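This report describes surface patches and model confidence for the structure shown below.

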Amino acid sequence: MKSIATLSAICLLACAPTLAGPSYIYGGIGLLGPKLKDKPEHLTENLTPNLTLGFGHDFNDYIALETFFNYSATEYANEWNRLDDTKHEMSLSQLGFSIIPSTGEIGHSGIKLYTRLNASMVNAEMKTTQGYPIKNNDSGFMLDAGVGIQWNISKRFMFRGEYITNFADSSLDNFDFENSITYEGIQLALGYRF
């Protein structure tokens, strides 16, 4: 994971002199995370708000590229049976790139609609606590897609709301994203252009 972060930073710094449009940073929070598709009724689901940090560049009004880090987690517990103190926590850490095509600003409203395609390296962890913790880790790749709306509050600040979902993964053999687990949700983000 460290080598991908280093490679991402080197690529962005190497490309910086050739970038014509504005760059930006952003931070986001929301309800984007891993969840069981068929959750048993006796388990309660507690989705921890995800945290996202990113750096992007607008090449023109209609296309942007981003690199991002996202952390999300969901905890399950049996609250129907007070004698059962077993807890399950799924967490995902993503480091990836996004391509973001958009409509450009609609009129002079400061609003634009966009889609996103994310490719990320993922570290997935399942931790079960039954008196003592049992951890199951796996690393692989994920492809996510999303749609969103962006409001350019001023020349410097922007606000986003978006929905993201996973549609493919690779090498995450200990986690069955196709049949048992879903990764989707909404998030809000505030960005600053420089």
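## Nonpolar surface patch

W151 is located in strand β7, which spans residues 133-152; strands (E, at least two residues) and helices (H or I, at least four) are DSSP runs numbered from the N terminus. With a relative accessibility of 43%, W151 is partly exposed, a class between buried (under 20% relative accessible area) and exposed (over 50%), using a 1.4 Å probe and protein chains only.

The model is a predicted one, in which local features need pLDDT of at least 70, side-chain atom pairs count only at pLDDT 80 or more, and totals for chains, interfaces and linings use all residues. Residues are numbered from 1 along each chain as its sequence is written, and side-chain values use heavy atoms, without hydrogens and water.

W151 joins I25, I153, F157, F159, L188, L190, Y192 and F194 in a nonpolar surface patch with about 850 Å² of accessible area together. Two or more residues of this patch come from each of β8 and β9. The largest share, three residues, is given by β9. Patch members have over 30% relative accessible area and no salt bridge; nonpolar side chains (Val, Leu, Ile, Met, Phe, Trp, Tyr) are joined within 5 Å and like charges within 9 Å. A salt bridge places a side-chain nitrogen of Lys or Arg within 4 Å of a carboxyl oxygen of Asp or Glu.

## Negative surface patch

D169, D173, D176 and E178 make up a negative patch on the surface. D173 belongs to the loop between β8 (157-170) and β9 (181-193), and D173 is exposed at 70% relative accessible area.

## Model confidence

The protein chain has an average pLDDT (the predictor's confidence in each residue, from 0 to 100) of 88, and 87% of the residues score at least 70. Confidence is highest in strand β1 (residues 23-30), at a mean of 98, and lowest in helix α1 (residues 2-15), at 53. Predicted coordinates should not be read in detail where pLDDT is low.

Note on methods: Areas by Shrake-Rupley, 256 points an atom, 1.4 Å probe, with all protein chains shown as cover. Lys, Arg positive; Asp, Glu negative; His and termini not counted. Charge placed at Lys NZ, Arg CZ, Asp CG, Glu CD.
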